[in-house]
Amino acid sequence: MVTDVAVCSTGGVVRVACVNTLGWGQNEPMDDARAVLDGIDAPLRRCLELAWESWCAGSIGVGAVVVDDRTGAIVSEGRNRVGERDAPPNTLAGTALAHAEMNALAQLPLGPVGHLTLHTSLEPCCLCAGAVALMRIPRVRYLAPDPLFDAAWDHMATHPELASRRPEQLGPGTGPASDLARLLPLSFLAFWDVATLADYSAADVDLAHAVLADTPLLDLAAAGAPLADALGAVASLLR
Ligand SMILES: [Zn+2]
């Protein structure tokens, strides 16, 4: 079960501070990992699945879906593809612009969007925040905070037109699911882009390198292991 709590107001726009998910239990890491994933609602679980798929493909490890709030159905999905050459139609790949949210939003037809919520494993960056504003997506729900681009929404609020398009924000999350959503892009940087990783805190840099050195995540990716295996594998770093 996921619960949205701790409503506060930022610049006149409602921001919900937490998307709580189940914490670690007292069982074996794999059993706890399955329980954590079973406890997440379908859109956020799909975001994590896409994030892991992205990481396994050599991209940054972020996933996103768009949900029709009238039905609860996922109507489009995308994942980060910056490290890949090939992609489905209407999907960016092999460019620094190939972000998960961009690829999910690009699948939507032109038309009303008031009933749509963008879900993503990582707080949208400046690029994706801009796309959300351009398309007037009214709500964004995310699992992990992004230390580099957390203020993107606040800067948008200083521009009158952008401020009028600022979405309701539901996030960041807490617990292992949120931790994994943060850890995947961090560890990607440790493997592929240490120059960008240097912009993060020392604790995040250490965590990113520990993922590669102290867990079997790379081996699991090479073997095509499911998401639960990935979460169980990093339990020693997150518990
Ligand atoms: Zn982005």
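Two strands are said to pair if DSSP finds at least two bridges between them, and the strands (E, at least two residues) and helices (H or I, at least four residues) named below are DSSP runs numbered from the N terminus. The structure is a predicted model, in which local features need pLDDT of at least 70 and side-chain atom pairs count only at pLDDT 80 or more, while totals for chains, interfaces and linings use all residues. Residues are numbered from 1 along each chain as its sequence is written.

**Exercise 1. The hairpin of E3 and E4**

Task: Find which residue in E4 stands opposite Ala 64, and describe how E3 is joined to E4.

Solution: Begin with strand E3 (residues 63-68), which runs antiparallel to E4 and is joined to it by six bridges. Within this pairing, Gly 78 in E4 is the residue opposite Ala 64. Then turn to the connection, where four residues lie between the strands of the hairpin and Gly 72 takes a positive phi near 80°.

**Exercise 2. The surroundings of Ile 74**

Task: Decide whether Ile 74 is buried or exposed, or in between.

Solution: First locate Ile 74, which belongs to strand E4 (residues 73-79). A residue is buried if 20 or more other C-beta atoms, placed from the backbone, lie within 10 Å of its own, exposed if 12 or fewer, and partly exposed in between. Ile 74 has 16 other C-beta atoms within 10 Å and is therefore partly exposed. Next consider contacts, for which the C-beta atoms of two residues, placed from the backbone, must lie within 7 Å; leaving aside neighbours within four places in sequence, Ile 74 is in contact with Pro 43, Arg 46, Val 65 and Val 67.

**Exercise 3. The buried face of H1**

Task: Determine where the buried residues of H1 fall when seen down its axis.

Solution: In helix H1 (residues 29-38), the buried residues are Pro 29, Asp 32, Ala 33, Val 36 and Leu 37. Seen down the axis, they fall within an arc of 135°, so they line one face of the helix, the arc being that of the directions from the helix axis to the C-beta atoms. The covering of these buried residues includes helices H2 (42-56), H7 (176-192), H11 (227-233) and H12 (235-238).

**Exercise 4. Strand E6 and its partners**

Task: Establish how E6 is joined to E5 and to E7.

Solution: Strand E6 (residues 139-144) is mostly covered, with six of its six residues buried. Strand E5 (residues 116-122) runs parallel to E6 and is joined to it by five bridges, Thr 117 having Arg 139 in E6 as its bridge partner. On the pairing with strand E7 (residues 168-170), three bridges join E6 to E7, again in parallel, and Arg 141 has Leu 170 in E7 as its bridge partner.
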